[in-house]
Amino acid sequence: MYKDQKVVVVMPAYNAGATLVKTYNDVMAHGLVDHVIIVDDCSHDNTVEIAAGLPHSELIVHQSNLGYGANQKTCYRRALKAGGDIIIMVHPDYQYTPDLIPALAAMIGSGHYHCVLASRILGGRALAGGMPWWKYFANRFLTLAENLMLGTKLSEFHTGYRAFSRSLLERLPLHRNSDDFVFDNQILAQIHGFGNIIAEISCPTKYFPEASSINFWRSLKYGLGCLLTGVRFRLHRWGLLRSWLFTDEK
Ligand SMILES: Nc1nc2c(ncn2[C@@H]2O[C@H](COP(=O)(O)OP(=O)(O)O)[C@@H](O)[C@H]2O)c(=O)[nH]1
Ligand SMILES: [Mg+2]
């Protein structure tokens, strides 16, 4: 609990057997997290067996591989059902340190922000932390392009470490977003588009083999999807082409 608010951590898992326990233990280490939701997207490894043995947690298993966006849709739906007031996504690949959960929870719990991102770019150490150079340049370029198209001032849109308030997740039409990786980008464009501030804190960058499975071609598809999200946002704002993503009706 953070003050009187229930803290739920969601972990969208895909082949995370090697890092799940370590991540879970760090998530629970601060005594702040009330409940963990692990959604397995039909992994080929032992993620499900390992997740089933973790206390204070709930496991949902997709019977087929639905994608990272679909996985997050399940995560947030279940987090709301579990009564979460502060909902934090932590990747179970141990790429983002769970030590910042108290900071993220406090930002949401303060009531000032509905969404907080833990940015790897803000600290200026992304390359030193092992982010591949091509991912770094893609990150910077896409962030610049999207800041211009959306009118935001974010340091990055591509971190997987994010916190949300219950009221925000209840308001967003998440079902309209992609089931693929570009979900991550669409949700941020929606949050901004519906008039919410996206706050940021800095977070260390860590890259190691288990923490990154996305190859160049998946990344390229994601990058093009991000640009398309920005274009759709701008056209919608100018009233030239209405987008379903940014239309505020259930
Ligand atoms: N649901 C789902 N998640 C996936 C899939 N492929 C990767 N992921 C997850 O997407 C997240 C980001 O992928 P990752 O390989 O860590 O990318 P990177 O850290 O950005 O280089 C991780 O939490 C993965 O577990 C997939 O096919 N389905
Ligand atoms: Mg990763």
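Which of the 17 residues around ligand 1 come nearest?

1. In this predicted model, D41, Q95, K135, S212 and S213 come nearest among the 17 residues around ligand 1. By class, this shell comprises 7 nonpolar, 7 polar and 3 charged residues.

2. The polar contacts of ligand 1 deserve individual mention. A polar atom in the side chain of Q95 is placed 2.6 Å from an oxygen atom of ligand 1. For D93, an N or O atom of the side chain is 2.8 Å from a ligand 1 oxygen atom. At A211 the contact involves the backbone, with a polar atom there 2.9 Å from an oxygen atom of ligand 1. The protein buries 90% of the 560 Å² that ligand 1 exposes when taken alone.

3. As to location, the largest pocket is the space taken by ligand 1.

4. The magnesium ion (ligand 2) is coordinated by D93 through OD, by Q95 through OE1 and by A211 through O, at 2.0 to 2.1 Å. The sequence spacing of these donor residues is D-x1-Q-x115-A. Distant parts of the chain are thereby linked: D93 belongs to the loop between β4 (86-89) and α4 (101-109), while A211 belongs to the loop between β7 (198-202) and α8 (216-237). The two residues are 118 residues apart.

5. Taken together, the two sites involve shared residues. D93, Q95 and A211 coordinate the magnesium ion (ligand 2), and each also has a polar atom close to an oxygen atom of ligand 1, at 2.8 Å for D93, 2.6 Å for Q95 and 2.9 Å for A211.

Technical notes. Residues are numbered from 1 along each chain as its sequence is written. Chains are lettered from A and ligands numbered from 1 in the order in which they are written. This is a predicted model: local features need pLDDT of at least 70, side-chain atom pairs count only at pLDDT 80 or more; totals for chains, interfaces and linings use all residues. Side-chain values use heavy atoms; hydrogens and water are left out. A residue is near a molecule or strand if one of its heavy atoms lies within 4 Å of it. A polar contact is a pair of N or O atoms within 3.5 Å; within protein, one must be able to donate a hydrogen and the other to accept it, and residues adjacent in sequence count only if both atoms are side-chain atoms. Accessible areas come from the Shrake-Rupley method with a 1.4 Å probe; for residues, only the protein chains shown count as cover. On a 1 Å grid over the protein atoms alone, a cavity is a set of points where a 1.4 Å probe fits but cannot get out, and a pocket is an open set with protein on both sides within 12 Å along at least five of seven lines; lining residues have an atom within 4 Å of a point. A molecule sits in a cavity or pocket if more than half of its atoms lie within 2 Å of its grid points. Ala, Val, Leu, Ile, Met, Phe, Trp, Tyr, Cys and Pro count as nonpolar, Asp, Glu, Lys and Arg as charged, and the others, Gly among them, as polar. Donors are N, O and S atoms within 2.8 Å of the metal (3.2 Å for Na, K and Ca); water is not among the atoms, so sites may look incomplete. Helices (H or I, at least four residues) and strands (E, at least two) are DSSP runs, numbered from the N terminus.
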